[in-house]
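Open your viewer and get ready to select a few things one after another. We will take the stops in order.

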Amino acid sequence: MSATPLALRSPAIALEHLTKTYAGGVRALDDVSLTVEPGTFLAVMGPSGSGKSTLMHCAAGLDSPTSASIRIDGQEIAGLNENRRTELRREHVGFVFQAYNLIPSLSIEDNITLPLRLAGRRPDRDWVTTLVERVGLAARLSHRPAELSGGQQQRAAVVRALAAKPTVVFADEPTGALDLRSAHEVLELLRSLVDDLGQTVVMVTHDPAAAARAHRALVMADGHVVEALDSPTAPQLANRLVALGEGRTLH
Ligand code: ADP
């Protein structure tokens with residue numbers, strides 16, 4: 001971990017005046033500004049179509065905004081060309097997806113180290129071993145993804161996201177495909193990576209119980225952040241979503 005005092009470190013993510021208008025005229029984000037401090041767990045919630053995915057894609061350098069300043073660990077990425085943005089993304093950002101996105105023909109170990117090798121970097125074996133042991137997959141490294149449960153596959157995907165020691169991990173509905181118990185385990189894992197290792201995590205989720213594991217939750221509606229809640233509770237978040245007309249999708 002960095003020895004730089006927290007107050008002197010750049011925000012993990014700093015978005016200023018982020019606007020994204022898609023071809024066809026849909027304004028998915030309208031002048032959004034927010035900061036994600038290092039070592040925090042942020043949840044992004046909101047009704048379908050409120051702009052969560054667009055926010056994540058722009059903040060992670062997967063998509064370019066119509067206008068904005070977007071800094072990852074102090075480095076401006078808005079306005080960079082695709083190649084440079086890809087390089088910065090590989091260096092600074094890890095991803096966890098709802099569908100795990102492990103490659104079926106590769107072992108768990110090769111899946112975990114694939115992004116690093118694609119970036120031409122050598123995996124830090126000690127770090128990967130630490131992570132693998134922490135998530136309880138040490139005995140599964142030679143297995144193929146299909147031989148693991150959904151929860152185990154998602155834990156492997158979390159290790160893959162952290163293997164390159166990214167500035168920030170973006171998790172897109174990481175518990176959406178999991179049973180309750182596995183979902184709970186993955187959320188506890190994400191929270192412990194933040195609390196124990198100082199990892200920064202931004203999670204997009206529909207699930208108030210999942211978002212309640214974060215330190216902070218942003219609620220989005222119509223391309224705006226309409227509320228920011230510290231130490232949110234599930235009932236509090238469920239109420240906000242119901243108020244925004246999303247109650248029918250809660251379960
Ligand atoms: P959420 O993730 O909260 O469901 P999105 O960021 O996917 O919201 O979408 C925000 C708005 O932008 C929606 O109105 C959606 O229809 C629109 N949108 C998303 N992606 C595209 C696209 N590629 N082209 C045009 N409109 C899009």
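Begin with the ligand, and keep in mind that this is a predicted model. Select the residues around the ligand: Y22, V26, A28, P47, S48, G49, S50, G51, K52, S53 and T54. Try colouring this shell by character: it divides into 4 nonpolar residues, 6 polar ones and 1 charged one.

Which helix gives the shell its largest share? Select residues 52-59 to find out: this is helix α1, and 3 residues of the shell come from there.

Now zoom in on the ligand's oxygen atoms and visit three residues in turn.

- Show G51 with its backbone: a backbone N or O atom of this residue lies 3.0 Å from an oxygen atom of the ligand.
- Move to K52, where a polar side-chain atom is 2.8 Å from a ligand oxygen atom.
- Go on to S53, which places a polar side-chain atom 2.6 Å from an oxygen atom of the ligand.

Next, switch on a surface for the protein and look at how the ligand sits against it. On its own the ligand has 560 Å² of accessible area, and the protein covers 59% of that.

For the next stop, leave the ligand and select residues 93-97, which form strand β6. Is this strand mostly covered or mostly exposed? Strand β6 is mostly covered, with 4 of its 5 residues buried.

Keep β6 selected and add residues 168-172, strand β7. The two strands pair in the parallel sense, over 5 bridges. To see one bridge up close, pick V96 and then A171, its bridge partner in β7.

Technical notes: Residues numbered from 1 in each chain as written. Predicted model: local features only at pLDDT ≥ 70, side-chain atom pairs only at ≥ 80, totals over all residues. Heavy atoms only, no water. Near = heavy atom within 4 Å. Polar contact = N/O pair within 3.5 Å; in protein donor to acceptor, adjacent residues only side chain to side chain. Areas by Shrake-Rupley, 256 points an atom, 1.4 Å probe, with all protein chains shown as cover. Nonpolar A, V, L, I, M, F, W, Y, C, P; charged D, E, K, R; others polar. Buried < 20%, exposed > 50% of the residue type's maximum accessible area, 1.4 Å probe, protein only. Pairing = 2+ DSSP bridges.
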